[in-house]
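Open the model in your viewer and keep the selection tool at hand. We will go from stop to stop, with something to pick at each one.

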Amino acid sequence: MPLYGTLDLTTVAPRLPTLPNLDTEAWTLPKAEMLQLLIEVPRSSTDGLLPKAMHPALPSYVILAVTRYPESPVGPFNLAVLRLGSRAGAHPRGFLLGAVTNSDGATKELRTRWGLPVETGEVKYLRRHDRVMGTVARGGRTILDCALVDPQPVAGTDVQYINWVTAANAPLDGQTRPMLIQVDPKYTFYKAERGKPQVSAFDAAAWNAAGLQLADPIVGTCCTVDTDLPRIRFVMDPLKPVFQGTRRIRESRADE
C-alpha cells in the first residue's frame, strides 16, 4: 500500500498565497549561485506537513537551499527555501514548506506568479575560502544558519535538482481554490562543488514546519547556473492521488 501525506490543504487555505491566474510569464535568471543541503529528518517529525495527494520520501529528508540571483526582472535578490522530500506519483519532488527573500519586490512576485510561500526578511549568501554560507533572519531573529564545508569540484552532471511543488489558492474553471502547482526550473551548469552540510541554527516553526527535526546530513552542493522560473504547466488536486488529479495547463515550457 503506498503511503500518502495527511495535510488537507482546505484547512490551511487562508494562509496560502493566492494567484490571480495561472498564466504567468517565465523569468530568466542567469548566473545564479545555489547552495543546497540535503538533511535526513525523522519521519515522525514530518507528520501533517505533506498534502494528501503526495507520497512521503523514504527515508525522510528536507532540502535547505539559499540562492543568490544577481539578475532578475525585479533586480537582484536572495531566496532561501525549505522543501520536504516527497514524490508526485513516481516522480521525486520537493514540497515547499517555507521561503524567505531579501526583496519586497521579489516576495510579491513569487507569491502571486508561482504561489511560493515567501516572506520578506534578511537572506545572506557568503563565500569564504573553505565554505559557502547562508543565513536567514526575520524580525531580528536568526531562523537559519547553514554552510557547505570544504567544497570540492564535481561535474554538473553529478548534481541533481528535483522539481518543486507549492501549495496556493488559484483560479481554475471559474473557482479559486487550494491546489498544488508544479514549478520546474531548468539548469545550465557553469560550476559545481560538493561538500559537507552544516546547520548551526534552524527554527522549524519559522518555516511553517513546527516540530520538524533535523537529523543526519546527506550531501551538500554549491553550483553556479543559468536557471529560470518557467510558466506553469501542471497543477494538481491536493486531495486526490496525482494520477487522478493532475491537470495540464499548457503543453510545454515553450508554449506561449
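A salt bridge here is a side-chain nitrogen of Lys or Arg within 4 Å of a carboxyl oxygen of Asp or Glu. Please keep in mind throughout that this is a predicted model.

**Stop 1: a salt bridge to begin with**

Select arginine 231 and glutamate 25. Their closest N and O atoms are 3.9 Å apart, and the two form a salt bridge. Arginine 231 sits in the loop between S13 and strand S14 (234–236), while glutamate 25 belongs to the segment before strand S1 (27–40), so this pair ties together parts that are 206 residues apart in sequence. Now switch on the surface: is arginine 231 buried or exposed? Arginine 231 is buried, with a relative accessible area of 4%, whereas glutamate 25 is partly exposed at 43%. Next, add Asp23 and Arg250 to your selection; together with Glu25 and Arg231 they are linked in a network of salt bridges.

**Stop 2: two further pairs**

By the rule given above, the count comes to eleven salt bridges. For another of them, select arginine 68 and glutamate 33, whose side chains meet at 2.3 Å, N to O. Arginine 68 lies in strand S3 (residues 61–69) and glutamate 33 in strand S1, so parts 35 residues apart in sequence are tied together by this pair. Arginine 68 counts as partly exposed, at 31% relative accessibility, and glutamate 33 is buried at 18%.

Then move to aspartate 203 and arginine 141, a salt bridge in which the closest N and O atoms are 2.1 Å apart. Aspartate 203 is in the loop between S12 and S13, and arginine 141 is in strand S9, so the pair ties together parts that are 62 residues apart in sequence. The relative accessible area of arginine 141 is 44%, which makes arginine 141 partly exposed.

**Stop 3: strands S9, S12 and S13**

Stay with S9 and colour residues 141–153, then add strand S12 (residues 188–202). The two strands run antiparallel and are joined by eight bridges. To find one of these, click on cysteine 146: its bridge partner in S12 is valine 199. Now add strand S13 (residues 217–229), which pairs with S12 in the antiparallel sense over seven bridges. Which residue of S13 is the bridge partner of arginine 194? The partner to pick is threonine 221.

**Stop 4: threonine 101**

Jump to strand S5 (residues 91–101), where you will find threonine 101. Threonine 101 has 0% relative accessibility, so it counts as buried. Show side chains here and add threonine 107: a polar contact of 2.6 Å joins the side chains of the two threonines. If you leave aside neighbours within four places in sequence, the contacts of threonine 101 include Asn78, Leu79, Leu110, Val118 and Val123.

**Stop 5: zoom out**

Finally, show the whole protein chain as a cartoon. There are two helices and 15 strands to look for. The radius of gyration is 17 Å, close to the 18 Å that the globule rule gives for 256 residues, so the chain is as compact as a globular protein of that length. Along the principal axes, its C-alpha atoms fill a box of roughly 55 × 40 × 40 Å.

With the surface on, the accessible area comes to about 11,500 Å², 49% of it belonging to carbon and sulfur atoms. Of the 256 residues, 53% count as buried. Among contacts with a separation of 6 or more, 70% are accounted for by residues 24 or more positions apart.

Definitions and conventions: Residues are numbered from 1 along each chain as its sequence is written. This is a predicted model: local features need pLDDT of at least 70, side-chain atom pairs count only at pLDDT 80 or more; totals for chains, interfaces and linings use all residues. Side-chain values use heavy atoms; hydrogens and water are left out. Helices (H or I, at least four residues) and strands (E, at least two) are DSSP runs, numbered from the N terminus. Buried means under 20% relative accessible area, exposed over 50%, partly exposed in between (1.4 Å probe, protein chains only). A polar contact is a pair of N or O atoms within 3.5 Å; within protein, one must be able to donate a hydrogen and the other to accept it, and residues adjacent in sequence count only if both atoms are side-chain atoms. Contact means heavy atoms within 4.5 Å. Two strands pair if DSSP finds at least two bridges between them. The radius of gyration is taken over C-alpha atoms; the globule rule is 2.2 Å times the number of residues to the power 0.38. Accessible areas come from the Shrake-Rupley method with a 1.4 Å probe; for residues, only the protein chains shown count as cover.
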